[in-house]
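Student: Could you walk me through how the two chains in this model meet?
Tutor: Gladly; have a look at it, and then we can begin.
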There are 2 protein chains.
Amino acid sequence: MIGPTHFDHLPNETDVVTEHQPASQNGLRRGNLALVLRALRAHGPLSRAQLAARCGLAKATVSSLVTDLGLRGLVHETGAAVPGQGRPGQQVALRPDGAHGLGLDVHADHVGVAVIDLTGAVVHQARVALDVPAAGPARAMDALAELARQVGQEPVGVTVSVPGLVDTDAGAVTIAPRLRWQGVAVADELAARTGFALDLIAVGNDANLGAQAESEAMPNVHDLAYVNGDFGVGGALVADGRLIRGSLGYAGEIGHMPMDPFGATCSCGRRGCWESQVGLAALLHACADPTDPVHDPSLDLASRMRLIRERAEQGDRRTLDALHATGSSLAIGVSIVVNLVNPAVVVLGGYFAALPEWLIEPVRDQVVATTLAPGGGGVRIVGSRLDFAEAAALAGLRRVFADPAIVPMREEAPA
Amino acid sequence: MIGPTHFDHLPNETDVVTEHQPASQNGLRRGNLALVLRALRAHGPLSRAQLAARCGLAKATVSSLVTDLGLRGLVHETGAAVPGQGRPGQQVALRPDGAHGLGLDVHADHVGVAVIDLTGAVVHQARVALDVPAAGPARAMDALAELARQVGQEPVGVTVSVPGLVDTDAGAVTIAPRLRWQGVAVADELAARTGFALDLIAVGNDANLGAQAESEAMPNVHDLAYVNGDFGVGGALVADGRLIRGSLGYAGEIGHMPMDPFGATCSCGRRGCWESQVGLAALLHACADPTDPVHDPSLDLASRMRLIRERAEQGDRRTLDALHATGSSLAIGVSIVVNLVNPAVVVLGGYFAALPEWLIEPVRDQVVATTLAPGGGGVRIVGSRLDFAEAAALAGLRRVFADPAIVPMREEAPA
């Protein structure tokens, strides 16, 4: 998706970065810079007076903070007329080119890149087909680095999205079964190949990054569940604006909720995990005999979805029954999550999002019917709009909203 | 439980209260007072130098903060010898009588009270049998107020625990089916009957209060799931030290996770909710015919548990089979939670805690076996040690750890 901005109206401008640290004068100043930058991200251009009111700061303080952010090239003045107020007011706005986030995505069958500017717009995107498990980590890292080098912008943060368990402190993949990666020092390898400073590079689990990005992209959504459907089923939960990581970082193993002690064998070796009911393998198995072209291992997700959609639209009974069964199992798992954490939104990504008429629309009613809270506790169930590279790019950009002072002041204010 | 302290070593001393607010000088000072008080709660008595190191503050700042806290009667100096260091050091410690939290508990069959001092010790506890649904809200509030009036200490906070959906802002119960309460202004009613200032009084959901108290009482536990077993099955989740409330406050409806579309009818009218498998009604139904004394509606939980335990210990086959089935269903639901949020601890309260040999010990192995993360993601499964009045009292006390300045300074430092 190129073009539209991902965060027109974001809620979290009042989070200050001093949390979990003793307050200090310097931290206070940097926290307030971030407060102003996030207010502009959330509400769009604002006058100094509006900024002061939104941030709960004195006008003189806001003026000084805006000057500082201007010298860093992060904001500029705009003369936009204020609708309904008649006279044009001088407003402060984010500079689109003030900072860029770079996202890289490693998947079983491709590597990808996206660049997002300070206003949330995607300004660059590319993808290269690659059999990552067969290529091995070194060649996959070469391909990733090549994608990163083709990017024109200097990023404030680089985030790599990986479908697996990540040691975020070390910037390394602990284990990613679908890539056949174990103990890969992704941040080090990328820094060595690209020259990016190591402290710019972060590595994250794909579902975690997806959940955070989806939640940031939605106005006033602080509680969100994200489920990605592929051969593996991954997920992540955001509660009160924060990703739930769990005590050892294992949270979000939604695909392995035990749903049926007597169910089919799962890829993990256990019986009746949710993935064995709603993973892509279960749908394909129910849709067609093993010799059917839909099982062709060389097909990418989009082509496979086209095949299934065609059959469903032609009224093929077996395909429709398979989609119906998958939708019902999907609804039960989603309803469990909804009863537990009362999200405002459940985002269904991957193949679920490609077949919304069968895997999103009908799921809504079933979830409401099996949730104790009236009306499903207000939950909305939607398809994902972001791919993993975009979600990673938004994560890279997040560094500047956490601490704008990472962008150095220039000698003179930019034009 | 009278005696032992509930928070010998608490993790959260570095949370500052400025979060979600613009930082200010006054907020900074109050936040740092709280930082020091929480460090003493977490680590026990500390020297000024140790406090400075733990809190990341200058020694002069710490001295001034300690003087302030002393004038409020919240801390005092102790001359305790430092083990292993030889010479006795002047240490700062919490004054037990510096502040008290008052907890009140409304249950279907009783009302209760507990008072907890600043060091976490229970200093008063009482309970009165009352058929609350039959008595109606007014008489139950009378009984609660009577319990509160018998307390000698002046509380810094009063919290009422209720098994239902609570509007915490209004201090009111929206709906509590098991009490047959709807729209009861608990805080107003209690203030009118006791003379407690309205802003001292909070009202909370029993499972939410239980989860927060259990997590605060455990060293270094930031991620916890709490499940209370009774005729209703309630729960709550704490992630990274914060209660998960959900977008509209409906989180924690763990009893209504849909487990079996063809299962037994639940109290909520749906089929196959977890409560219909692991609620007390399901266990009693499986244990004994309807005419059996174990079903006597006048029995309280403790007496009923005594009956079941006696039979299980005598090897009664039907009782053991019922406990085994309940334990298996309990393990599946707990495992779902463990896969989703990777808690460090799952606390099982209510009747589960009364029958640990059958409903806690065996659950552990089953949960580890059905969790993707190795070793169940490090989860410990334990019985609850706190009753609802104690959990509420800890919540009342929390106000002083969030903002010690709510306790006024005295003219002179207390002896």
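Tutor: Before we count anything, please keep in mind that contact here means heavy atoms within 4.5 Å, and that this is a predicted model.
Student: OK, so how many residues from each chain does the contact take?
Tutor: The contact draws on 57 residues from chain A and on 57 residues from chain B.
Student: And how much area do they bury between them?
Tutor: Chain A and chain B bury about 4500 Å² between them, and 63% of that lies on carbon and sulfur atoms. Within chain A, the residues that lose the most area to chain B are Pro258(A), Leu340(A) and Leu372(A), which together make up 15% of what that side buries.
Student: What about charges, how many salt bridges go across?
Tutor: The rule finds two salt bridges across the interface of chain A and chain B, and in a salt bridge between Asp240(A) and Arg242(B) the side chains meet at 3.3 Å, N to O. For polar contact, the count between the two chains is 20 residue pairs, with both residues at pLDDT 80 or more.
Student: Which helix or strand gives the most to chain A's side?
Tutor: Helix H1 (25-43), strand E12 (233-239) and helix H10 (317-341) of chain A each supply at least two residues to the side that touches chain B, and H10(A) gives the most, with seven residues.
Student: How does that side divide into nonpolar, polar and charged?
Tutor: On the side of chain A that touches chain B, 30 residues are nonpolar, 19 are polar and eight are charged.
Student: Switching topic, which residues touch the most other members of the largest nonpolar core?
Tutor: In that core of 88 residues, they are Trp274(A) and Trp274(B). Leaving out residues up to four places away in sequence, Trp274(A) touches several residues, among them Val227(A), Ile254(A), Met257(A) and Leu330(A).

Conventions
Residues numbered from 1 in each chain as written. Chains lettered and ligands numbered in written order. Predicted model: local features only at pLDDT ≥ 70, side-chain atom pairs only at ≥ 80, totals over all residues. Heavy atoms only, no water. Core = buried A, V, L, I, M, F, W, Y, C linked by side-chain atoms within 4.5 Å. Buried < 20%, exposed > 50% of the residue type's maximum accessible area, 1.4 Å probe, protein only. Buried area = accessible area lost by both parts, 1.4 Å probe. Salt bridge = Lys/Arg side-chain N within 4 Å of Asp/Glu carboxyl O. Polar contact = N/O pair within 3.5 Å; in protein donor to acceptor, adjacent residues only side chain to side chain. Helix = DSSP H or I, 4+ residues; strand = E, 2+ residues; numbered from the N terminus. Nonpolar A, V, L, I, M, F, W, Y, C, P; charged D, E, K, R; others polar.
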